[in-house]
Amino acid sequence: MTDNVETFRLGIELLQRGDADASLEIVHPDVVIEPLRAATEGVFVGHAGVREFLDDTVASFDLFEPDYTDIRDLGDRVLAIGSIRVRGRGSGAQTDIPTAAIAEYRDGLLWRFRDYGEAALALEAAGLSE
């Protein structure tokens, strides 16, 4: 397992804790984060974008729990497939959302993150069939 996989796992742990300061230590200053909700909210860019993403997540959900059951080391990229359990703040509606993301790293820092939602789409983007 590479350091990138360990950094990915640490990033998920910090996300769940909502620890923005520690998150910034493992994120490139020019990071681009493209979660599923980017279709309506746009991408989050740079350290300010990381803080905005975390603040938006806390404001939208009282539960946001990624569970990646398949994490693959692809060198400078990590492919992660699983689900995110969310509960809407205010509505109380809870659901599991499929997630399949590729995280790219430069110099040990997260540089790009894109959630494709469907495993087949992320696998295709990674150049894999399974």
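**Sheet and cores, by question and answer**

In this predicted model, Asp 70 has Ile 81 in E4 as its bridge partner.

Trainee: How many bridges join E3 to E4?
Mentor: Begin with the pair just named, Asp 70 and Ile 81. The strands E3 and E4 run antiparallel. The number of bridges joining them is 11.

Trainee: Which residue in the hairpin of E3 and E4 takes a positive phi?
Mentor: Three residues lie between these two strands. The phi in question is near 85°. The residue is Gly 75.

Trainee: Which residue in E5 does Gly 82 stand opposite?
Mentor: E4 and E5 are antiparallel and joined by 11 bridges. Their hairpin has five residues between the strands, and there Gly 90 has a positive phi near 95°. The residue opposite Gly 82 is Thr 99.

Trainee: What is the bridge partner of Ile 102 in E6?
Mentor: Strand E5 covers residues 94–106, and strand E6 covers residues 109–115. Six bridges join them, again with an antiparallel run. The partner of Ile 102 is Arg 114.

Trainee: What is the order of the strands in the sheet?
Mentor: The sheet is open, has six strands and shows mixed pairing. The edge strands, E2 (44–45) and E3 (61–73), each pair on one side only. The order is E2-E1-E6-E5-E4-E3.

Trainee: What angle does the direction of helix H1 make with that of E3?
Mentor: H1 spans residues 3–17 and packs on the sheet. Helix H1 touches E3, E4 (77–88), E5 and E6. The angle is about 170°.

Trainee: Which element gives the largest share of the largest nonpolar core?
Mentor: This core has 27 residues, and those with the most contacts inside it are Phe 8, Val 50, Ala 103, Leu 110 and Phe 113. At least two core residues come from each of H1, H2 (20–24), E1 (27–34), H4 (46–60), E3, E4, E5 and E6. The largest share is five residues, and its source is H1.

Trainee: Which residues is Ala 103 in contact with, leaving aside its neighbours within four places in sequence?
Mentor: Ala 103 is among the residues with the most contacts inside the largest core. So are Phe 8, Leu 110 and Phe 113. The full set of contacts is Phe 8, Asp 76, Arg 77, Val 78, Leu 110, Arg 112 and Phe 113.

Trainee: How many residues does the other core have?
Mentor: This core lies apart from the largest one. Ile 81, the bridge partner of Asp 70, is among its residues. Ile 102, Tyr 116 and Leu 123 are also included. The count is eight residues.

How values were computed. Residues are numbered from 1 along each chain as its sequence is written. This is a predicted model: local features need pLDDT of at least 70, side-chain atom pairs count only at pLDDT 80 or more; totals for chains, interfaces and linings use all residues. Side-chain values use heavy atoms; hydrogens and water are left out. Two strands pair if DSSP finds at least two bridges between them. Helices (H or I, at least four residues) and strands (E, at least two) are DSSP runs, numbered from the N terminus. Contact means heavy atoms within 4.5 Å. Axes are lines fitted to C-alpha atoms, for helices over the stretch in contact, and angles run from 0 to 180 degrees between N-to-C directions. A nonpolar core is a set of buried Ala, Val, Leu, Ile, Met, Phe, Trp, Tyr and Cys residues joined through side-chain atoms within 4.5 Å. Buried means under 20% relative accessible area, exposed over 50%, partly exposed in between (1.4 Å probe, protein chains only).
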